[in-house]
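Grab a pencil and work through these exercises with the structure open beside you. Try each task before you read its solution.

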Amino acid sequence: MKNLPRTDIAIVGGGWTGLLLAKEIAQRTALNVVVLERGTARRSEDYANDMDELDYAVRFSMMQDYSQETVTLRHTSRDRAIPIRQLGNFLPGTGTGGAGEHWDGFFPRHVPDLFELYTKTVERYGEKKLPEDHAIVDWGITWAEIEPYYTKADKLIGTSGKAGNLRGKVVDGGNRFEGSRSEEYPTPPMKNSYFSSLFGDAVKSLGYHPYPNPSAILSIAHTNLDGIARPGCFYCGFCSRFGCMVSAKSQPTNTLLPIIEQHKTVAIRNNCSVRRVLHEGNKTRGVNYVDASGEECYQPADVVMLCSWTLNNTRLLLLSGIGEPYDSATGKGAVGRNLTHQVGSATTLFMEKPLNRFMGAAASGFCISDFDGDNFDHSDLLFVRGGLLRAMGTGSQPILSFGTVPASVKARWGSEWKKAAVYWYDRVGGISFSGEHIPYKTNYMDLDITYKDHLGDPLLRLTIDWHDNDKEMVKFASSKGTEIAKAMGAKEILTQPPYDHYDARRYQTTHIQGGTIMGKSPDASVVNTWGQHWELPNLFIVGASTMPCQGAANPTPTVLALAYRTADALIDHYLKNPHSLI
Amino acid sequence: MTQMNWTSRLVAHARLRRVRRRHFLVMSAASIGGVLVYSLDHKVSRLVAQPTKTFKIPLRFFTEREALIVAAAASRIIPSDESGPGAREAGVVIYIDRQLAGPWGRDARRYTHMPFADSAAPEFGYQGAASPQRIYREGLKQLSGFDRLPLSEQDARLVEIEQGVFFDLLRRNTIEGTFCDPLHGGNVDMVGWQLIGFPGPRMSNAAEIDKYRGEEFRPKPASLTQMTRKPHRPSEDEAT
Ligand SMILES: Cc1cc2nc3c(=O)[nH]c(=O)nc-3n(C[C@H](O)[C@H](O)[C@H](O)COP(=O)(O)OP(=O)(O)OC[C@H]3O[C@@H](n4cnc5c(N)ncnc54)[C@H](O)[C@@H]3O)c2cc1C
Ligand code: SF4
């Protein structure tokens, strides 16, 4: 074991949250920071040559190496868990920038009532409306408290979009259902693909309220609050699962890393996998990790910040014996509870005219929030909450999109199939539904009892399955998708089969929440609303693992807002006087 | 670090020495119908005006027999027919051969710890112990003599196996080899991209995205190497 010199702050994980905290601490203090990142070093220049669908989008060269570490899965606590052996249902990142490098960049805020989900839902519908076995709670913060941090995140990213509610006034063209924003978006909305415009026109004709997706991809050249200048998008279509070669898509390497590199106080150590958070009494004293050469190292630190994304934030607490693991039978313990993923479905449209769908950008296109959260009345519906319906404006590449044919073509190979697949190739468009996944008492994480990672540590075990609320929501979303597809003039329509069991082969999103949730009191949460651990005040946990439930909206705006909030709490309060912040 | 480099070099060396008799796939220029062939050393052979010429492509994983079967089967999945060129012209067999010889073929990035729960429900994803290399080697035994059968019998054989893991992989790999960037050995001369009107990687569509609404925009395809004017090393070509 190599004993390293003490550092002020050790950050585990070098993705969006880890690098945002490193940047803030470097800009605002003189403290020494060590960032430990398990993956390789990356810079935004690396992406000049990455437009290769096979290696990046099919073989997942930017993502976590499952030969080293994965998770196991079971549907109920009575089942034997089975490892997910290849990437599928989600695509975790690794390397400098984490998943923030190969993400899509949809940048919507959550609906305001999400932060008080329990109170607001019961207020409107009564306790009886909540699904059986639900684990819905309030977050302990409100929209008003998080809004200034959302605005800060927008200024970091240069978010493109159009406000729909500016300081309490509904504005045409934006999302009229959004929470009141203090400022307009930093950059105007992106351009739209032809297919996405058809969606916009159709939903309007149906009486819904389309708005351009808020996007972490710049529509025009922009200089952010830190003086970082980046160009507008080229609509090359190589966004999702790739790094952007021109830095139009915000990524930690093009937004945070250039600032961090100006400060000698931050050291990013790559190829270093953290295995344990060490603690004594009510303090952590640092972390243990394995470095690039395979050597075990002890890095002492005054403050430890876990920024290793939902799965490893949770797993590191469990491996380190910090806090009480959640027990689904008794409901006791908080570490691992409130695991949520995302409810999703897709409607495939076969259109009359060619769409040129190689052009586009991941987070461009139109969206409607008419069926999100509680924006519509659920009194007569069999479920609570809802989601976003969007026309995908993502550019598409042929390996992953060739072969989609109308249901009337039964063959999967051979001449008949090929002829149809060639004809329809550039006429296929998609409407996607991103729905809210309610937390349940039976969906949680703990350590696996059989399977280990490449270092010999137990894998994380996910116990998760779809419930009636999720299944009903998917049915509802499919009916809306079909309604819109018809209004768009689709020649043929395919809807995804209804939900059965949680499926490791089916990509939902890489939005996984819970495990180390925040709350107002220590009995059912792991951290306070500042991200500070209840028992170990010099341990902070940052990221979607602290979210008690999942909103339909993509998580990163909220993740970054909460990270900014933690930075303020740490720098303005904790460091001046180390104590529990409540 | 040095330690690891040294061991991996030893392993690579041992692998080289164990190389079996070299197998080649002999193809006529006409059968690939193509213009460009990437040989193993990545020199590009242009065969335009010599349709009668044949050439030998060194194989990395398949035996010659296996390669002929794979080529024939892939060409039943995406046939060369009146709707355009297919897997044969795209050189799919060469693509698959290289993928199998590379890290993907060896399952370098799959979680392969025991125990394997082969009988798990399908929603847990592929749970078998066999790597793509093994799946092909075993699967091809079921197809011996396939390339010499009449087409209708070939189709009947594929129908028999179409529910299995091997066919599923073969079908996926055939699509990959038809539409991948030519740097991976398939999509020769970008025949796949031309078939469906995909232009390959383009730096910018900013001027066109607003302009073409419901009408085709079909720029001439260019590969990654052509666009960046730089050589690229695909993941299947490992550094030794
Ligand atoms: C394909 C894809 C598309 C996405 N699209 C969107 C989108 O459109 N909108 C949106 O809001 N979000 C999107 N996301 C999610 C978004 O990427 C994440 O919310 C965001 O990156 C989370 O930041 P993070 O810092 O918590 O985690 P990450 O950015 O993933 O960083 C975590 C880092 O921790 C490292 N790490 C993990 N364990 C250890 C360990 N033990 N030791 C050392 N280091 C460790 C990892 O290697 C990684 O680099 C997408 C994700 C993917 C994969
Ligand atoms: S579409 Fe735009 S944001 Fe996406 S990779 Fe291309 S230039 Fe970058």
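The exercises below concern a predicted model.

**Exercise 1. Two helices of chain A**

Task: Work out how helix 4 and helix 12 of chain A are oriented to each other, and which residues make the contact.

Solution:
- Step 1. Find the two helices: helix 4 of chain A covers residues 143-157, and helix 12 of chain A covers residues 556-574.
- Step 2. Take the angle. The helices pack at about 105 degrees, and their axes are 8 Å apart.
- Step 3. Put a word to it. Angles of 65 to 115 degrees count as roughly perpendicular, so helix 4 of chain A is roughly perpendicular to helix 12 of chain A.
- Step 4. Look at who touches whom. Helix 4 of chain A brings residues including A:Tyr149, A:Ala153 and A:Leu156, while helix 12 of chain A brings residues including A:Leu560, A:Ala561 and A:Tyr564.
- Step 5. Sort the contact residues by class: 11 are nonpolar, one is polar and four are charged.

**Exercise 2. Two helices of chain B**

Task: Do the matching job for helix 3 and helix 6 of chain B, after a look at what chain B is made of.

Solution:
- Step 1. Count the elements. Chain B has 10 helices and four strands.
- Step 2. Read them in order from the N terminus: α-β-α-β-β-β-α-α-α-α-α-α-α-α.
- Step 3. Check burial: of the 240 residues in chain B, 50% are buried.
- Step 4. Now the pair. The axes of helix 3 and helix 6 (residues 132-141) of chain B come within 11 Å, crossing at roughly 85 degrees. Helix 3 of chain B is therefore roughly perpendicular to helix 6 of chain B.
- Step 5. Name the contact residues. B:Glu66, B:Ile69 and B:Val70 come from helix 3 of chain B, and B:Tyr136, B:Arg137 and B:Leu140 come from helix 6 of chain B. Four of the contact residues are nonpolar, none is polar and two are charged.

**Exercise 3. Sheet edges**

Task: Say which strands stand at the edges of two open sheets in chain A.

Solution:
- Step 1. Recall what holds a sheet together: strands pair through backbone hydrogen bonds, either parallel or antiparallel.
- Step 2. Write down the four-stranded sheet of chain A. Its order is 5-4-20-19, and its pairing is mixed.
- Step 3. Pick the ends. Strand 5 (82-83) and strand 19 (444-452) of chain A each have a single partner strand, so one side of each lacks a neighbour in the sheet.
- Step 4. Zoom in on one edge. Strand 4 (residues 71-74) and strand 5 of chain A are antiparallel, with two bridges between them. A:Leu73 has A:Ile82 as its bridge partner.
- Step 5. Repeat for the six-stranded sheet of chain A, where the order is 8-16-17-18-15-21 and the pairing is antiparallel. Strand 8 (211-212) and strand 21 (492-495) of chain A are the edges here, each with a single partner strand.
- Step 6. Zoom in again: strand 8 of chain A is joined by two bridges to strand 16 (residues 366-368) of chain A, and A:Pro212 has A:Phe366 as its bridge partner.
- Step 7. Add what lies across. Helix 5 (residues 194-205) of chain A lies across strands 15, 16, 17 and 18 of chain A, at about 30 degrees to strand 16.

**Exercise 4. Two loop residues**

Task: Are A:Thr187 and A:His209 buried or partly exposed?

Solution:
- Step 1. Place A:Thr187: it sits in the loop between strand 7 (169-170) and helix 5 of chain A.
- Step 2. Apply the cut-off. Buried means under 20% relative accessible area, and A:Thr187, at 2%, is buried.
- Step 3. Check its surroundings. Among the residues in contact with A:Thr187 are A:Gly158, A:Ser160, A:Leu218 and A:His222.
- Step 4. Place A:His209, which is in the loop between helix 5 and strand 8 of chain A. Its relative accessibility of 30% counts as partly exposed.
- Step 5. Compare sequence with space. A:His209 and A:Asn175 are 34 residues apart in sequence, with C-alpha atoms 7.3 Å apart.

**Exercise 5. Cysteines**

Task: How many disulfides does the structure hold, and where does A:Cys272 stand?

Solution:
- Step 1. Count over all chains: zero disulfides.
- Step 2. Test A:Cys272. The nearest cysteine sulfur belongs to A:Cys297 and is 6.6 Å away, whereas a disulfide needs the sulfur atoms within 2.5 Å.
- Step 3. Check burial. A:Cys272 is buried, with 5% relative accessible area, and A:Cys233 counts as buried at 10%.

Key: Residues are numbered from 1 along each chain as its sequence is written. Chains are lettered from A and ligands numbered from 1 in the order in which they are written. This is a predicted model: local features need pLDDT of at least 70, side-chain atom pairs count only at pLDDT 80 or more; totals for chains, interfaces and linings use all residues. Side-chain values use heavy atoms; hydrogens and water are left out. Axes are lines fitted to C-alpha atoms, for helices over the stretch in contact, and angles run from 0 to 180 degrees between N-to-C directions. Angles under 35 degrees count as roughly parallel, over 145 as roughly antiparallel, 65 to 115 as roughly perpendicular and the rest as oblique. Contact means heavy atoms within 4.5 Å. Ala, Val, Leu, Ile, Met, Phe, Trp, Tyr, Cys and Pro count as nonpolar, Asp, Glu, Lys and Arg as charged, and the others, Gly among them, as polar. Two strands pair if DSSP finds at least two bridges between them. Buried means under 20% relative accessible area, exposed over 50%, partly exposed in between (1.4 Å probe, protein chains only). Lists of a residue's contacts leave out its neighbours within four places in sequence.
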